[in-house]
Number of protein chains: 2
Amino acid sequence: MSQVFKALGHPARRRIVEMLRAGPMTSGDIAAAFDDMTWPTVTGHLNALKDAGLVSTEREGASVRYRLRISAVEEAVGFLLELMGKAEPATDPKEAKNGNPA
Amino acid sequence: MSQVFKALGHPARRRIVEMLRAGPMTSGDIAAAFDDMTWPTVTGHLNALKDAGLVSTEREGASVRYRLRISAVEEAVGFLLELMGKAEPATDPKEAKNGNPA
DNA sequence: CTTGTAATTAGGATTTTTCCTAATTAGGCT
DNA sequence: AGCCTAATTAGGAAAAATCCTAATTACAAG
């Protein structure tokens with residue numbers, strides 16, 4: 001969970017996931033959209049997003065396609081909605097930490 | 001927006017906002033809930049949350065009460081829902097503070 | 001004013017993040 | 001093979017985050 005929020009804490013990475021909302025893109029296309037940073041820097045951000053589970057990759061010939069993983073977004077949404085009182089805490093045995101009188 | 005996500009990227013700070021969901025608390029009560037970090041460290045986290053707009057403060061005698069600011073949470077939710085295709089992009093006057101209709 | 005409690009700020013050591021250039025891996029093509 | 005494009009890794013400098021102890025501010029009560 002920390003990694004997801006941390007990943008979204010950087011403007012460049014938010015911009016990337018926004019771009020991916022329209023559909024998968026290759027590293028090159030993503031990197032080309034940033035004229036203010038180098039390709040390796042973009043790769044670094046993509047790695048951060050991947051480590052957070054926010055994107056997945058598929059190789060396509062010489063290129064690599066990055067795809068948004070909605071399920072990771074849903075996790076974060078769940079936490080926030082719960083914070084707003086609009087969702088119940090996950091009754092997962094794993095992460096249930098708070099006694100929530102809903 | 002970066003500050004909100006960054007703030008939520010730390011487990012201690014997520015735990016604090018979760019605690020505040022039940023209602024406002026004083027610094028002392030919050031700090032007392034963390035036996036693994038010192039009071040100044042907790043203050044640091046509270047400052048981060050405040051800078052992000054996630055909490056507000058009111059002095060109450062010698063104590064200071066921290067209150068969760070739902071509106072900041074809503075902003076973040078808006079971004080994520082939009083990412084999931086379940087909400088329209090905010091009518092983007094640069095950085096819409098509050099004016100997000102439904 | 002002095003003392004005690006609540007809370008924050010100051011200063012600094014350590015770790016992590018960020019972002020560059022240079023080098024490298026991976027794949028396609030002739 | 002050799003070469004070109006696509007993409008990532010390596011290495012390191014600079015900046016930011018983390019978290020401590022010590023000092024300080026804010027407030028209430030005697």
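These are my notebook entries on two protein chains and two DNA strands in a predicted model.

**Conventions**

I number residues from 1 along each chain as its sequence is written, letter chains from A and number ligands from 1 in the order in which they are written, and use heavy atoms for side-chain values, leaving out hydrogens and water. Since I work with a predicted model, local features need pLDDT of at least 70 and side-chain atom pairs count only at pLDDT 80 or more, while totals for chains, interfaces and linings use all residues.

**Entry 1: chain A against chain B**

I began with the protein interface. Contact (heavy atoms within 4.5 Å) takes in 26 residues of chain A and 25 residues of chain B. I then looked up the buried area, that is, the accessible area (1.4 Å probe) that two parts lose on being put together, summed over both. Between chain A and chain B it is about 2400 Å², and carbon and sulfur atoms give 72% of this. On the chain A side, R21(A), L83(A) and M84(A) lose the most area to chain B, together 24% of what that side buries.

I next searched for polar pairing across the interface. For salt bridges (a side-chain nitrogen of Lys or Arg within 4 Å of a carboxyl oxygen of Asp or Glu), the rule finds 0 between chain A and chain B. For polar contacts (a pair of N or O atoms within 3.5 Å; within protein, one must be able to donate a hydrogen and the other to accept it, and residues adjacent in sequence count only if both atoms are side-chain atoms), the rule finds 6 residue pairs, both residues at pLDDT 80 or more.

I assigned the chain A side to elements, taking helices (H or I, at least four residues) and strands (E, at least two) as DSSP runs numbered from the N terminus. α1 (2–8), α2 (11–21) and α5 (70–83) of chain A each give two or more residues to the side that touches chain B. The largest share, 10 residues, comes from α5(A). I sorted residues by class: Ala, Val, Leu, Ile, Met, Phe, Trp, Tyr, Cys and Pro as nonpolar, Asp, Glu, Lys and Arg as charged, and the others, Gly among them, as polar. The chain A side then has 15 nonpolar, 5 polar and 6 charged residues.

**Entry 2: DNA strand D**

I count a residue as near a strand if one of its heavy atoms lies within 4 Å of it. DNA strand D is surrounded by 22 residues, and the closest are G28(A), W39(A), Y66(A), T41(B) and H45(B). Of the strand D atoms that come within 4 Å of the protein, sugar and phosphate account for 80%.

I noted three approaches to phosphate oxygens of strand D. A polar backbone atom of G28(A) is 2.7 Å from one, a polar side-chain atom of N47(A) lies 3.1 Å from one, and a side-chain N or O atom of T41(B) is 2.2 Å from one.

The elements that each supply at least two residues here are α3 (27–32), α4 (39–51) and β3 (63–68) of chain A, with α4 (39–51) of chain B. α4(A) provides the largest share, 4 residues. By class I find 7 nonpolar, 11 polar and 4 charged residues.

**Entry 3: DNA strand C**

I repeated the search for DNA strand C and found 23 residues around it, the closest being T41(A), H45(A), G28(B), N47(B) and Y66(B). Sugar or phosphate makes up 79% of the strand C atoms within 4 Å of the protein, and bases make up the rest.

Polar side-chain atoms of T41(A) and N47(B) lie 2.2 Å and 3.0 Å from a phosphate oxygen of strand C. S63(B) has a side-chain N or O atom 3.2 Å from a sugar or linking oxygen of strand C.

α4(B) gives the most to this surface, with 4 residues.
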